[in-house]
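Student: I have a structure open on my screen. Can you show me how to read it, one feature at a time?

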Protein chains: 4
Amino acid sequence: MKRRSILGVAGALLALFSGMAAAQPLAITHATIIDATGRAPIADGVIVIDEGRIVAVGPADSVRIPGNATRIDKSGKYVIPGLMDANVHLVMNFDVDTLVRFNGRYDEIAIEGAQIALKSGVTTVFDTWGPAPDLIAARDRIDSGKEIGTRIFLAGNIIGFDGPISDDFHSNLKDILRMDLAEDINRRWTGGMDRSLQWMSAAEVGKKTQAYTATGVDFLKYASSGHQYMEFMAFSDHAQKAIVDAGHQAGKTVQAHVTSIESTRMAMDAGADILTHCDVSPKHPLPPELLAEMAAKKIHCSILANTKAALAASNYKELFENNVVNVRNMIAAGVPLMMSTDAGIEHPIPVKPLTPHDTVDPRIRLGEGHFFAYQALEEMGIDPMKILQMTTINVATGYKKDKDLGSIEVGKRADLVILDKDPLASASNYRAIDTVIKDGRIVDRNALPTKPLISSQKRPAAAAVAK
Amino acid sequence: MKRRSILGVAGALLALFSGMAAAQPLAITHATIIDATGRAPIADGVIVIDEGRIVAVGPADSVRIPGNATRIDKSGKYVIPGLMDANVHLVMNFDVDTLVRFNGRYDEIAIEGAQIALKSGVTTVFDTWGPAPDLIAARDRIDSGKEIGTRIFLAGNIIGFDGPISDDFHSNLKDILRMDLAEDINRRWTGGMDRSLQWMSAAEVGKKTQAYTATGVDFLKYASSGHQYMEFMAFSDHAQKAIVDAGHQAGKTVQAHVTSIESTRMAMDAGADILTHCDVSPKHPLPPELLAEMAAKKIHCSILANTKAALAASNYKELFENNVVNVRNMIAAGVPLMMSTDAGIEHPIPVKPLTPHDTVDPRIRLGEGHFFAYQALEEMGIDPMKILQMTTINVATGYKKDKDLGSIEVGKRADLVILDKDPLASASNYRAIDTVIKDGRIVDRNALPTKPLISSQKRPAAAAVAK
Amino acid sequence: MKRRSILGVAGALLALFSGMAAAQPLAITHATIIDATGRAPIADGVIVIDEGRIVAVGPADSVRIPGNATRIDKSGKYVIPGLMDANVHLVMNFDVDTLVRFNGRYDEIAIEGAQIALKSGVTTVFDTWGPAPDLIAARDRIDSGKEIGTRIFLAGNIIGFDGPISDDFHSNLKDILRMDLAEDINRRWTGGMDRSLQWMSAAEVGKKTQAYTATGVDFLKYASSGHQYMEFMAFSDHAQKAIVDAGHQAGKTVQAHVTSIESTRMAMDAGADILTHCDVSPKHPLPPELLAEMAAKKIHCSILANTKAALAASNYKELFENNVVNVRNMIAAGVPLMMSTDAGIEHPIPVKPLTPHDTVDPRIRLGEGHFFAYQALEEMGIDPMKILQMTTINVATGYKKDKDLGSIEVGKRADLVILDKDPLASASNYRAIDTVIKDGRIVDRNALPTKPLISSQKRPAAAAVAK
Amino acid sequence: MKRRSILGVAGALLALFSGMAAAQPLAITHATIIDATGRAPIADGVIVIDEGRIVAVGPADSVRIPGNATRIDKSGKYVIPGLMDANVHLVMNFDVDTLVRFNGRYDEIAIEGAQIALKSGVTTVFDTWGPAPDLIAARDRIDSGKEIGTRIFLAGNIIGFDGPISDDFHSNLKDILRMDLAEDINRRWTGGMDRSLQWMSAAEVGKKTQAYTATGVDFLKYASSGHQYMEFMAFSDHAQKAIVDAGHQAGKTVQAHVTSIESTRMAMDAGADILTHCDVSPKHPLPPELLAEMAAKKIHCSILANTKAALAASNYKELFENNVVNVRNMIAAGVPLMMSTDAGIEHPIPVKPLTPHDTVDPRIRLGEGHFFAYQALEEMGIDPMKILQMTTINVATGYKKDKDLGSIEVGKRADLVILDKDPLASASNYRAIDTVIKDGRIVDRNALPTKPLISSQKRPAAAAVAK
């Protein structure tokens, strides 16, 4: 694996960024700045950006704007940090047409997803399940400036689960796709870190994980519980510890897929940094002792927030029955929460006629899902500032990227979203995007996605029937 | 529909035909000629070809060879008419990878199939179920000399059956392919002539059929019986008659898919010219009265002959249980039989591990299947001359193409196969192909298929997994 | 088969009939008599019954009541003929619990059904698909006076269909029931007259049918079209004719299961007496020529009438899309129609949670279904007298039982229903049953069913879990 | 729960025991005694039995036979302890016919199984999954002398698994059985200790288990790993410990269903006494460290031994791929092993045609399975004395019943099998049963089962089809 850095964007000037020279500082003036540190908003604030980073921020009267700076006046607008999504799947379209037609080009779909995310203000995503080779290619092309897109960090497989064409995910595609294609797809997703590990001793699982950390993935995710039957555990206590230890030794954050009280506890005991959708615990809410320990250990939880309308139309009502109470209890207990969507892009034409489940507030639709999530959190009565932090600084902290990301502070990457309306006044105001800035460059949102493949409104290679 | 002619190959000299000028006559000399008329073989015979047709044939001492003729000495070899297959499906590969990857290009797959057939001595095929728009495109490109390939006549849909992605054929693909693709595929195959006709009155069925005859198909095929449940009838007596009459009024031969005694009888009563796989009548063999009437009416039957080994490994033993006895009885009764394979091309990598059923004597593998069929007929003890006629003159007569095709007689198209060994001595000798001639031109068999898509031995777009 | 007679009720006095001596005449007085002949109602009418038959009927002033007659004063009430249902299935509960627990006792379930029907005013049913041995046993026990119940006529199998545990009906039960049980059940229903006949020649089908007529069934029913795929035909024209001819030669009425224009026409051409649910022709209504011919030939149609509410909740909307228009057109054309329900009894506890389809106006629930059917016919705007005739005299005529049944006329069986309200004023008034009389005896409705098995409101053999 | 004792057989003299008075001592003389303690066989040995227990055992010259003893001369024969099976399922026939027909009478099926086991020399079984209320009833009737049968100890449910009609076992029966029946069956098996526990916290699981120990079960079994997907864990480390602790506090032995390295280790860590089919660890054999710890902790393993022939015909080859090597390694490491069969009784008529898997050496057929298991162990090359101990003293020790059972020693229950041939010479000699003695009484093997229900060779309630 070649080394990479989130600073790697470097020189290359992309046509997609607006024409301004990178060498020249940029000053945003007269806007209200909500820096996500928890501090009160700064009215008539100024942010100065140079070399892709924030070099100054504060009230107009306290910040000196360099003489050569380009000034953009954002009076009446609101500046917040670039939005972060703790849990996406850039390549999640499993209609077989997409699987086949773009086989060998899944990296392009990842780029398309990364651009749709960026267009909607999400400047950083954490891809927690996807085809590592393709996601790495997409990530590296974006980091190197060859493509525009959201900043990607990726986990590859959820260690312990089989690939998409399996009982863990899309069992209906087994015996449908040709063997070579099915194997290729599964291998891209699992990298060999599949259910076969469950048969191994903890020591062997640790060794396999250690090797996997060197394949270019940014962080690790493993299955504490099952995906088909979420009440089962995927790994023993020893095996979970072996995975976490191997990840930590390689300097990676490690997160666990959890869906029940005990899978949550096991992952915490094993030392996981992040618990993915820890708000999911059907039948029984997470007990107080558990929450207290999570808070004490500063374990971050990425949550899946559904609007009431979405929940009413959901096929998974039982699964989500305790999410709201868990979220409230976690906030009360002081557990740091991270906004996540589980989102990906989808083809506009479905395999089956759409049901309300698919169309009401689809949190899992990349580019829109996070707006529904904010709305859902607002419906739960969560403090607007906390909502903002859940999608910025908390995500950065959870993934240990807060040195560079997550708030508007001097020294951090200049990832910013400028809104026409106050996001603290209404969660719906996140949709009122004026400008997205990533690494100090203004994004030409109208140009995104640059090469629509599966998200275009018309089927690209429409095969008309000859007369 | 634009008019076409089997004479249309005309001028264009294809690189794939060996370099000889078409303008110059060709004389095949010193070969044994088995002309398929039923006459005894001509030892030391001569065939003279000009302008794509046979202009003279007979013993060496009775035929005058033009001075400007190119002579090719085929001493010790055997010349027979180009082989004809009464029932193929050039596009029959329903692995979804092929369906998707080549969607919009099924004509190319048809060309590939046509070349594989030609390479193995089959100079004319009758495609009895396939995507009409694509098969028409392939047929026309071959007829016009733009592509090399076997001569194609096509039916399009089996009137009354739904498309490939349906309960009539591949029900496992329903709810798997995206709706637009599934609809496109089904429409290509059915042209709208699907099960919806079964709900109509006979009069309406007749009108729909009349319109269908004008869409470029060469002949008609309809469902007398069902395909999923072969004991059911697809159409009433009146509706069958309406279909046959509409076809005949448009000058088309009409054939019926039959799989039982009564579906056979209904099709005969309706006036069908050809009964497809009339040898299939599980549980009860065709009764003598029926056979007598078929013979009296000169109704042609296309049969599916399985070797004993294939039958032993077959998944369809019950379906084929009376085929051999039916074939013998039909021969005894004087019913004219036509060899057919039901063959198509398949990708070398399967969806599921292959079973003996798929690998033992696969009659349905285009390019090989007819050889297995000849062997099967030989195993049944059928006279070698009759076997030859079943794959040449009988097919031409059944489809009313005997003015141009089916035997080595003056005035007919010069479609010939030259064998190293005597096909009357052993059916396996059909495999010993020395030369294939179509329309008077020698086929460069080594160059076929010119553009292997799904039949190539390696997956073309192999998507290697990045390290 | 032992001979039977609808007169066979004979001597035995059942406790279930009210205590009155059969030897003594009965006179119903002061009621409005609607005799179903089409004549206007007789106000203050008298009906005299003796020996199970009607011996006099007319206005009070025109009828002499024998001195020894028991008089029952029914002032203000309405007397109509006993209701007749042209199409029921007394044994139609395919929950496996019932199939197993009552295996060997299906005759008792038939009796239970017969009693539920009688209780609700239906004095005669035609069972058009069921286990012949068990239905015969039930019929004979009722006819001989050993059991009380509606008068049963039965067809046994729908010739050409496989048994209940098959793709024609309950494919989900295949490979679930033990082989011996599944075979037993299927054989009881089919009597061997299953799909295997479809593989036979018409002549053989005729022979098999001839033998079947001698097994104790009262009439014949065969499949003109399919049951799973209703657009297919089950039998050829010749085979249908062979079946009808065999039935007629044995003196049976013959009816055909039809579900499309052409299956209807084929059955009519074959000479069928009755077309079952001829109102079902999805996609295309029955064409006028067809209706005219049906009327001219006096072919009776048994129809399935759904209320608007039921149709709105139905899982079979597409199947029934033309029923209303077909019924109207048939009435206009003069086709004689017969009311039918397709009803059976069901266990109160279902296999799956009930849906609206199962609960809104369930025409197929024996004992209630006919009331919903009358309501549906009323919703269609059909003349109330015609509705009454459709469930009395028309059924009798269609089945050629009008010498004995179907109207209130001298010489006919004394099957009567006395209502509290006028059925010509509202179809809902059929529910207001005062008295049911069968064969001249007053039925003790409160005692029915005498031995509730599957219709009881509590599971009889409830297996409590031991502590 | 009423208290019970394995001494409870007490007074009642059953007709099924041979006529000898229980009050009178019994002496077996002149036999070779293999007492299963590991000591060398005693040639010409004597065993004296009184009050159901062994009161003396030794060489003829060292044992004094009471004057009033009945002597039975067993010269040339071999006496071994009554056989014990560590893992059976007396009620395991899930054909729906049996489920329905005997619903409410499963205790009778358990008795039938208990008698079939006893007849074949198995005097004690441990039922590790079954309907507790019914098994308790059967156990108590046998213990009280009301029925003859093998001695039963039972676990009820495998804690954590859903009932038989579920994805854990027979998913094909879901939506087939009526809801009330399916619920009744599932509740009988699970007693509420189903998958719902997996959603709970460890503390709650412990509480539920504690309550379950008081329902009459003899020992506990829980799911360390899954049953459908055996690589998953059913419970966390804490939850497993909570189950084991609750069992131990109630004085029960606790065993775990294990199917992989880590599920084995977790169960051992949790303190389980017995690991059920610990020899099952597909893909990877149990590692040496694990075996060493198992041996050190004296954890007993019940194993499933398959003959080579059975394995060759098995549908579960992959599951059993490491069983032989695991068994050998465990013996080498000193892990105490217990013979088990997983056996139950089955109806002679199957749901589907039998495959070789079902018929070759069916270890799971009660009454025969243990013989196949002995043969399998012999094929593995295991010392004959160890084989005997695996089916006697080891089972007793593992279940902590060795004070009363498992060897021929003074003070133990007089459970004995007398063989015609030496079991140490060949495992097949276990089949040569001369006499079975349970609790000091000679069993009348010919009378067993006394009331054959599902094991009879003919279907009892055969429902003949009426003519």
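Student: How many residues do chain C and chain B each bring to their contact?

Tutor: This is a predicted model, so keep that in mind as we go. Chain C gives 34 residues to the contact, and chain B gives 34 residues.

Student: How do I put a size on an interface?

Tutor: The size is often given as the accessible area lost when the parts come together. Here, about 3000 Å² is buried between chain C and chain B. Carbon and sulfur atoms give 59% of that area.

Student: Which three residues of chain C supply more of its buried area against chain B than any other three?

Tutor: Look for C:W199, C:E231 and C:F232. They supply 29% of the area that chain C buries against chain B.

Student: What about charges? How many salt bridges are there between chain C and chain B?

Tutor: The count is 4. Find C:R265 and B:D237, whose side chains meet in a salt bridge with 2.9 Å from N to O. Now add the polar contacts: 19 residue pairs across this interface, with both residues at pLDDT 80 or more.

Student: Which elements of chain C give two or more residues to the side that touches chain B?

Tutor: Three helices: α5 (202-212), α6 (237-249) and α7 (261-270) of chain C. The largest share comes from α7(C), with 5 residues. By class, this side of chain C has 14 nonpolar, 10 polar and 10 charged residues.

Student: Now the other pair. How many residues of chain D are in contact with chain A?

Tutor: On chain D, 33 residues are in contact with 33 residues of chain A. The buried area is about 3000 Å², and carbon and sulfur atoms give 59% of it. In chain D, the residues that lose the most area to chain A are D:W199, D:E231 and D:F232. Together they make up 29% of what that side buries.

Student: Which residue forms a salt bridge with A:R265?

Tutor: D:D237 does, and the closest N and O atoms are 2.9 Å apart. Between chain D and chain A the count is 4 salt bridges. Polar contact joins 19 residue pairs across this interface, both residues at pLDDT 80 or more. On the chain D side, 14 residues are nonpolar, 9 polar and 10 charged.

Student: Let's go inside one chain. How do I check the length of a helix?

Tutor: Compare an expected span with the distance between its ends. Take helix α2 (residues 106-119) of chain D. At 1.5 Å a residue, its 14 residues should span 20 Å, and its end C-alpha atoms are 20 Å apart, so the two agree.

Student: Is α2(D) mostly covered or mostly open?

Tutor: Mostly covered: 13 of its 14 residues are buried. After α2(D) comes D:G121, whose phi is positive, near 95 degrees.

Student: Where is D:D127 found?

Tutor: In strand β7 (residues 122-127) of chain D. Its relative accessible area is 0%, and buried means under 20%, so D:D127 counts as buried.

Student: What does the side chain of D:D127 reach at 2.7 Å?

Tutor: The backbone nitrogen of D:L90. A polar atom of the D:D127 side chain also lies 3.2 Å from the backbone nitrogen of D:W129. Beyond four places in sequence, D:D127 has contacts that include D:H89, D:F153 and D:F219.

Student: How far apart are D:D127 and D:G344 in sequence and in space?

Tutor: They are 217 residues apart in sequence and 9.6 Å apart in space, C-alpha to C-alpha.

Definitions and conventions. Residues numbered from 1 in each chain as written. Chains lettered and ligands numbered in written order. Predicted model: local features only at pLDDT ≥ 70, side-chain atom pairs only at ≥ 80, totals over all residues. Heavy atoms only, no water. Helix = DSSP H or I, 4+ residues; strand = E, 2+ residues; numbered from the N terminus. Expected span 1.5 Å × (residues − 1). Buried < 20%, exposed > 50% of the residue type's maximum accessible area, 1.4 Å probe, protein only. Contact = heavy atoms within 4.5 Å. Buried area = accessible area lost by both parts, 1.4 Å probe. Polar contact = N/O pair within 3.5 Å; in protein donor to acceptor, adjacent residues only side chain to side chain. Nonpolar A, V, L, I, M, F, W, Y, C, P; charged D, E, K, R; others polar.
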